Amino acid sequence: QKFAILGFQLSEGLRLSRRRRFDCVMGYNWGLAGLVAFFLSRLLRAKLIIRLANVPENAYRFNQFGQSWHYSAKVNLKTRLARWVSDVLLRVLVLSSDRLHLLYPDQLKLYPQLQKVPFNILPVFTAVSRIPYTGISDHSILLVGGPWYLKGVDVLILAFRKIEPEFPNWKLRLLGYFPDEHLLREMIGDSRRIEILKARPNPEAVKIIADCSVLVLASRSESAGRVLVEGMAAGKPLIGSRVGGVPQYVRDGVNGFLFESENSDDLSEKLRIMLSSPEL
């Protein structure tokens, strides 16, 4: 299937170039799309831009999970091979690029040899005018995103369960596509104040964001997090994990709090501070 996609994109790119010459070819990421962009740029003698859409050092790192309560990432031969291939492609494509599109300033901090390539930092753009500002606060903590392990949904469930008895009027809502949902329900246990919502189109999702009280992004890896921009547009305080580009959006102590990724104790403390202070 991937070879079929590669062949289609190459042939379509060449077909379109016969209508009008391309000055530049841009790859969405350093994977298959970046490889296609590389070949097209060479065939068409055009400049190459690679957009780094993810956190490079976390490629494939959180794609799998263990079956225990702490859900440690399970690293097997397939995962290690995928990460090695990803790392090789990253180095080859970045060094072959005329310019890079980064999502946050330190995106290549662990790759000093790649920092010599010229780059621009362009944030995630969001149509904030389409996000309603209701002023409603329904006493809910909301996480939007998927898949659940990458987005740290399990970390948030553990954190909420720790403070649940202290805040009987609050609930936790989880919105997104969650494969293996039964594992989350095992963690939820007998709690009646944790709700799993089915994934839905963005126009419907932002209406739910507009009515929540606190928006949480507990990701194990996150290059930007468009939902953070949507939360700010809806006037919501944010809590985000201190990973990737999240600190570019969540300014600790200003528009929200940051917590150590995968640390449910740290997250529960940030929730406790936020929920006990209406002024915040």
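Colleague: How do I read a polar contact, and which backbone nitrogen lies 3.3 Å from a polar atom of the Ser 191 side chain?

Modeller: A polar contact is a pair of N or O atoms within 3.5 Å; within protein, one must be able to donate a hydrogen and the other to accept it, and residues adjacent in sequence count only if both atoms are side-chain atoms. Here the nitrogen belongs to Arg 193. The side chain of Ser 191 also meets that of Glu 164 in a polar contact of 2.6 Å. This is a predicted model, where local features need pLDDT of at least 70, side-chain atom pairs need 80 or more, and totals for chains, interfaces and linings use all residues. Residues are numbered from 1 along each chain as its sequence is written, and side-chain values use heavy atoms, without hydrogens and water.

Colleague: Where does Ser 191 lie, and is Ser 191 buried or exposed?

Modeller: Ser 191 sits in the loop between α5 (181-188) and β7 (194-197); helices (H or I, at least four residues) and strands (E, at least two) are DSSP runs, numbered from the N terminus. Ser 191 counts as buried because its relative accessibility is 11%, the cut-off being under 20% (exposed is over 50%, partly exposed in between; 1.4 Å probe, protein chains only). Leaving out residues up to four places away in sequence, Ser 191 touches Arg 161 and Glu 164, contact meaning heavy atoms within 4.5 Å.

Colleague: Which residues does Leu 172 touch?

Modeller: Leu 172 belongs to strand β6 (residues 171-175). Leu 172 has 0% relative accessibility and therefore counts as buried. With residues up to four places away again set aside, Leu 172 touches Ile 141, Leu 156, Ile 157, Phe 160, Arg 193, Ile 194 and Glu 195. Arg 192 is 20 residues from Leu 172 along the chain, and their C-alpha atoms are 9.6 Å apart.

Colleague: What pLDDT does the protein average?

Modeller: pLDDT is the predictor's confidence in each residue, from 0 to 100. The protein averages 92, and 96% of the residues score at least 70. Over residues 66-73 the value is below 50; this stretch has 22 contacts in the model beyond near neighbours in sequence.

Colleague: Which helix gives the most to the lining of the largest pocket?

Modeller: A pocket is an open set of points on a 1 Å grid over the protein atoms alone, where a 1.4 Å probe fits, with protein on both sides within 12 Å along at least five of seven lines; lining residues have an atom within 4 Å of a point. Helix α3 gives the most to the lining of the largest pocket, four residues.
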